[in-house]
Amino acid sequence: MTNPERKVWSQDYSEWFHKVIAEVPIYDTRYPVKGTGIWMPFGYRIRREVLRIIREELERTGHEEVLFPLLIPDYLLGKESEHIRNFEDEVYWVTHGGKTPLEVKLALRPTSETAMYPMFKLWINAYSDLPLRIFQIVNVFRYETKATRPMIRVREVSTFKEAHTAHATREEAEEQERIGVEVYSKIFERLKIPFLKTIRPDWDKFPGAERSVAFDTVMPDGRVLQIGTVHFLGQGFAKAFDIKYMKSDGNYEHVWQTCYGISERAIAALISVHGDDHGLVLPSEVAPVQAVVIPIVYKGREEEVLKRCKEVKDALESSGLRAAIDDRKDITPGNKYYAWEMKGTPVRIEIGPRDVDSNTAVLVRRDTLKKAPVKMEGLVEEVRKLLMQIDEELAKRSKEWMSSKVRDAETIEQAKDELDARGGIVELNWCGRINCGEELEKTIDARILGVPFDKEGEIETPLSGAKCAGCSGTATKRIRVARSY
RNA sequence: GGGGCCGUAGUCUAGCUUGGACCAGGAUGCAAGCCUGGGGCGCUUGUGAUCUCGGGUUCAAAUCCCGACGGCCCCA
């Protein structure tokens with residue numbers, strides 16, 4: 001069998017996603033609190049590998065992991081006015097200790113700026129305390145009023161990686177912003193998730209930030225999912241929380257800050273971007289099982305086949321690969337194929353009496369389902385080679401998929417037609433006026449994602465002589481428009 | 001913020017409009033056995049639902065009404 005279809009995957013993505021997370025199983029949505037879910041063992045292992053990558057890339061670039069409390073007193077949460085204005089309608093409050101009303105209400109963190117920055121004030125005194133780079137991986141709570149969706153819009157974000165940095169100068173903080181963007185790029189590249197970096201428009205920035213750079217990917221149904229953000233905070237929070245350091249001349253200055261976050265949405269994207277109608281397809285780095293051995297057992301030859309399978313599994317493991325053997329007796333091989341394909345296992349190794357006789361095994365790759373016989377000698381090397389090929393193919397395939405979903409448009413009618421037909425992201429010229437932007441969003445029935453952040457170090461793309469697709473005025477920016485989650 | 005749809009075994013679903021012959025039918029799953037075994041085989045038997053919860057109408061409620069909780073959609 002070859003060429004697994006992507007029919008359900010693309011035509012009924014929502015159903016596909018629910019089915020996959022339930023059947024693998026990855027995430028159980030049946031817990032009776034709206035917008036929450038349970039990470040099941042196999043899903044948890046995927047999550048753990050993803051977090052390993054995130055930790056590696058952050059630690060490699062000088063970020064240290066910490067852990068802050070879940071509870072934030074109301075007077076801290078309200079300190080930065082713009083920040084609180086945007087969050088106050090979706091905060092969960094702890095108002096009682098037992099039956100006693102609390103004098104100070106406590107919020108379940110919707111994000112941790114207001115928990116961390118009072119401590120930054122205590123930790124940062126002098127130039128020598130900077131830069132400060134920390135991160136934590138925690139759960140955060142947001143009382144979402146829109147319909148929730150497993151992993152994509154939840155009330156308890158169970159996997160929220162937030163990094164926070166403080167610097168002596170604007171330049172250093174801006175440099176950190178670039179580093180944050182690079183770190184995230186590296187993380188998504190390792191996950192083989194294609195993305196576009198976009199500077200969000202002013203009205204869609206992180207509350208309290210000067211600038212927000214977002215990572216967006218395109219889901220199978222053509223809708224855009226934001227999978228990560230990097231924020232340049234300027235001195236807004238530093239002033240609100242009075243975070244100052246003493247300069248060499250003895251004067252004090254407020255620090256310059258950045259923060260950036262990734263949530264389990266990245267895992268939702270990982271699952272969605274690579275999958276097909278047989279279920280998950282995982283890059284080798286995050287696959288809980290990288291190669292599974294399936295014995296093809298015939299009566300009278302069970303033992304020699306199983307023995308060979310065991311040898312292969314041991315050889316794979318001792319070379320550092322995550323391997324498993326499926327020696328369940330009560331189900332047929334075909335059944336096992338489907339089960340391990342659903343789990344996204346990159347390589348399957350079939351070994352039956354024929355293979356024992358000829359000293360071979362059959363390798364099957366998950367992405368294409370193509371089978372190939374290999375000799376026992378050098379089998380481990382062949383598996384490794386195949387894993388690399390699969391990873392390359394996944395990166396290539398997902399990138400091509402994404403590029404096919406990003407197109408140019410001259411007019412808003414054209415933009416609307418493109419989004420109606422294929423979804424994805426449309427780029428067009430814009431004058432930069434907010435009124436025009438609102439009108440444009442309404443007409444196209446889509447969101448302005450913002451301006452590209454794709455060219456090295458370039459913050460906005462200036463235009464000359466071009467016309468705004470919305471009002472025909474002079475265009476000043478190239479913007480991306482999409483229907484998003 | 002406004003409007004709408006939905007909730008039946010682990011999962012998907014029939015039944016609801018027109019209340020009664022439904023102590024709720026099917027598929028899938030799960031368990032046992034036989035048969036098989038290089039792509040979900042087949043057969044037999046078994047298992048599993050106080051019809052989301054609470055209240056109301058009625059001689060009678062899965063079915064009608066109200067509320068809560070949960071799931072989903074559309075508009076702003």
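A polar contact is taken here as a pair of N or O atoms within 3.5 Å. With that cut-off in hand, the predicted model can be read from its RNA outwards. Threonine 332 offers a good starting point: one of its polar side-chain atoms lies 2.5 Å from a phosphate oxygen of RNA strand B. Arginine 348 approaches a base instead, with a polar side-chain atom 2.7 Å from a base oxygen of RNA strand B. Arginine 354 also meets a base oxygen of the strand, but through a backbone N or O atom, at 3.1 Å. Two or more residues of the surface near RNA strand B come from each of helix H11 (333–342), strand E17 (347–351) and helix H12 (353–358). Among the contributing elements, H11 gives the most, with five residues.

The full surroundings of RNA strand B comprise 29 residues, and the closest of them are Lys34, Thr148, Thr332, Glu341 and Asp355. On the RNA side, 46% of the atoms that come within 4 Å of the protein belong to sugar and phosphate. What is the make-up of the surface near RNA strand B by class? Charged residues number 12, alongside nine nonpolar and eight polar ones.

Charge also matters as a topic away from the RNA. A search of the whole structure finds 43 salt bridges. In one of them, arginine 322 pairs with glutamate 49, and the closest N and O atoms are 3.8 Å apart. This pair ties together parts that are 273 residues apart in sequence, because arginine 322 sits in the loop between helix H10 (302–318) and strand E16 (323–325) while glutamate 49 belongs to helix H3 (residues 41–60). The two partners can be described by their accessibility as well: arginine 322 is partly exposed, at 26% relative accessible area, whereas glutamate 49 is buried, at 10%.

Helix H3 takes part in another such link through glutamate 56, which lies in that helix. Its salt-bridge partner is arginine 190, with closest N and O atoms 2.7 Å apart. Since arginine 190 lies in helix H7 (residues 170–190), the pair connects parts separated by 134 residues in sequence. Glutamate 56 counts as partly exposed, with 32% relative accessibility, and arginine 190 as buried, with a relative accessible area of 13%.

A third pair stays within one helix. Lysine 313 and glutamate 317 form a salt bridge with an N to O distance of 3.7 Å. Both residues lie in helix H10, four residues apart, which is about one turn of the helix. Lysine 313 is buried, with a relative accessible area of 17%, while glutamate 317 is partly exposed, at 36%. Elsewhere, salt bridges that share partners join Glu49, Arg52, Glu56, Glu57, Arg60, Lys186, Arg190, Glu285 and Arg322 into one network.

Attention can now turn to covered parts of the protein. How many of the residues of helix H9 (residues 265–274) are buried? The count is 10 of 10, and the helix is described as mostly covered. Its buried residues include Arg265 and His274 as well as Ile267, Leu270 and Val273.

Leucine 379 lies in helix H13 (residues 379–403) and is buried, with 4% relative accessibility. Beyond residues up to four places away in sequence, leucine 379 touches Val312, Ile349, Ala361 and Val374. The C-alpha atoms of leucine 379 and alanine 315 are separated by 9.0 Å, although the two residues are 64 residues apart along the chain.

Glutamine 235 is a buried loop residue: it lies between strand E11 (224–234) and helix H8 (236–240), and its relative accessibility is 13%. With neighbours within four places in sequence left aside, glutamine 235 is in contact with Glu253, His254, Val255 and Trp256.

Finally, the cysteines. The structure holds zero disulfides. Why is cysteine 468 in no disulfide? The nearest cysteine sulfur, that of cysteine 436, is 3.7 Å away, and a disulfide requires cysteine sulfur atoms within 2.5 Å. Cysteine 468 is buried, at 3% relative accessibility. Cysteine 309 is buried too, with a relative accessible area of 0%.

Definitions and conventions:
Residues are numbered from 1 along each chain as its sequence is written. Chains are lettered from A and ligands numbered from 1 in the order in which they are written. This is a predicted model: local features need pLDDT of at least 70, side-chain atom pairs count only at pLDDT 80 or more; totals for chains, interfaces and linings use all residues. Side-chain values use heavy atoms; hydrogens and water are left out. A residue is near a molecule or strand if one of its heavy atoms lies within 4 Å of it. A polar contact is a pair of N or O atoms within 3.5 Å; within protein, one must be able to donate a hydrogen and the other to accept it, and residues adjacent in sequence count only if both atoms are side-chain atoms. Ala, Val, Leu, Ile, Met, Phe, Trp, Tyr, Cys and Pro count as nonpolar, Asp, Glu, Lys and Arg as charged, and the others, Gly among them, as polar. Buried means under 20% relative accessible area, exposed over 50%, partly exposed in between (1.4 Å probe, protein chains only). Contact means heavy atoms within 4.5 Å. A salt bridge is a side-chain nitrogen of Lys or Arg within 4 Å of a carboxyl oxygen of Asp or Glu.
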